Amino acid sequence: MAGLMKRALLAGAMALAAGGAHAQANLSAETSSAGNSPHLMMLHLADVLSRDGLADMQVQEGQTATNSIVNVGEGKSDIVTAPTILYFLLENGRGPFSALGEDGKALAGNIRAIAPFNAGAYGLFAPVASGIKSYSDIEGRTIWNGPPRGAALTVGRQTLMLGSGGLKEGEGYTGVQTNWGQLMTSLVDGSAEAFMVPITMPSDRVIAALSAGDVNIVSFPKDIWESEGMQRFLSAPGNAPVEVREEDMGYGPDQGVTLISEDGVFRSPGVPFAAMVHADMDEALVKEITAAYIASIPELEKRAPYAGNVNFDVVEQRATGFCGQLNLKYHPGAIAAWEEAGYDIPDCAE
């Protein structure tokens, strides 16, 4: 991924040196560490904007999203990637933003979305040798369910409880937590019998687990998935449904990965993200940036095996988690670009 960013910046420099297309803006951007859809999206955007002569975008990688969303609200960064739950928490002064109080609401009012996507889904997977083939099978087992603290652990616990019909950590199963850097070791060292962790389709985490033996990926039980309570959960801020057909998951029949599902569809709560900008960013510039991004989505979907399964080209309300209690709106320039490209932005997100 570092090479991708270097190519994006080099392309802009070469265009200027050649006297060809001139960048119209110098933009600052923040995103996560390499290996996931937020990083892929932002580095791709930098490449495209430089190549098209629209902007030179300096990308800071490996940033913490809680800091990034504050920075864009304060006008310190032009474009950031962040999970949409952080907008909700910032606006309401909760969680990591509790110290901001009403100031958080003011900052949230400065933020607009330009492009939604997701960072995968909270997926339950386990070595075949564990015998775990359903959510109910986690009873009495040891499950890795997140880092020691934070949103990932909270949602991991919620997902396990909902999928199993009520099993809680410490009562129905034993939870194991390590930091993200230790996860790859945990996947193969036998310290856990199953894992509840955000995964893409395909996922490097599942592929890592394969080095210790064949793996089952367990879909959410369909009857629970379609229940009224689960639909309320999926509509809550920071949640969205992910549904991927088995043939689109990216695993071949000889790779040792088996989907456990009633109908060949993987279902699980997703992790909605968005690229965000300051509300005062020039409308014409935002429109150009968003239009260039939309036109390049087919290219973006070829840049990583999972990229076709994270909804880079989806703005539908349910899949993106917009509206309801989430007050995040699209920038007017982004709305114009998406709608001119034939997409329908939900009225509640305009």
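This report describes the internal cavity and the two largest pockets of a predicted model.

## The cavity

The model holds 1 cavity of 30 Å³ or more. The volume of the largest cavity is about 40 Å³.

Its lining is formed by Gly120, Ala121, Ile199, Thr200, Met201, Val242, Phe266 and Asn309. By class, this lining comprises 5 nonpolar and 3 polar residues, with no charged residue.

## The largest pocket

The largest pocket has a volume of about 1,500 Å³. A total of 48 residues line this pocket, and those nearest its centre are Pro83, Tyr122, Ala152, Trp180 and Phe273.

Helix 6, which covers residues 151-164, gives the most to this lining, contributing 5 residues. The lining of the largest pocket consists of 26 nonpolar, 19 polar and 3 charged residues.

## The second largest pocket

The second largest pocket contains about 180 Å³ of space. The residues that line this pocket are Asn118, Pro241, Val242, Glu243, Val244, Arg245, Asp248, Gly308, Asn309, Asn311, Arg318 and Ala319. Two or more residues of this lining come from each of strand 9 (240-245) and helix 13 (317-320). Strand 9 gives the most, with 5 residues.

The classes in this lining are 4 nonpolar, 4 polar and 4 charged residues.

## Residues in two linings

Val242 and Asn309 appear in the lining of the largest cavity, and Val242 and Asn309 also appear in the lining of the second largest pocket.

Notes:
Residues are numbered from 1 along each chain as its sequence is written. This is a predicted model: local features need pLDDT of at least 70, side-chain atom pairs count only at pLDDT 80 or more; totals for chains, interfaces and linings use all residues. Side-chain values use heavy atoms; hydrogens and water are left out. On a 1 Å grid over the protein atoms alone, a cavity is a set of points where a 1.4 Å probe fits but cannot get out, and a pocket is an open set with protein on both sides within 12 Å along at least five of seven lines; lining residues have an atom within 4 Å of a point. Grid points are joined across faces, edges and corners, and a volume is the space filled by probe spheres set on the points. Ala, Val, Leu, Ile, Met, Phe, Trp, Tyr, Cys and Pro count as nonpolar, Asp, Glu, Lys and Arg as charged, and the others, Gly among them, as polar. Helices (H or I, at least four residues) and strands (E, at least two) are DSSP runs, numbered from the N terminus.
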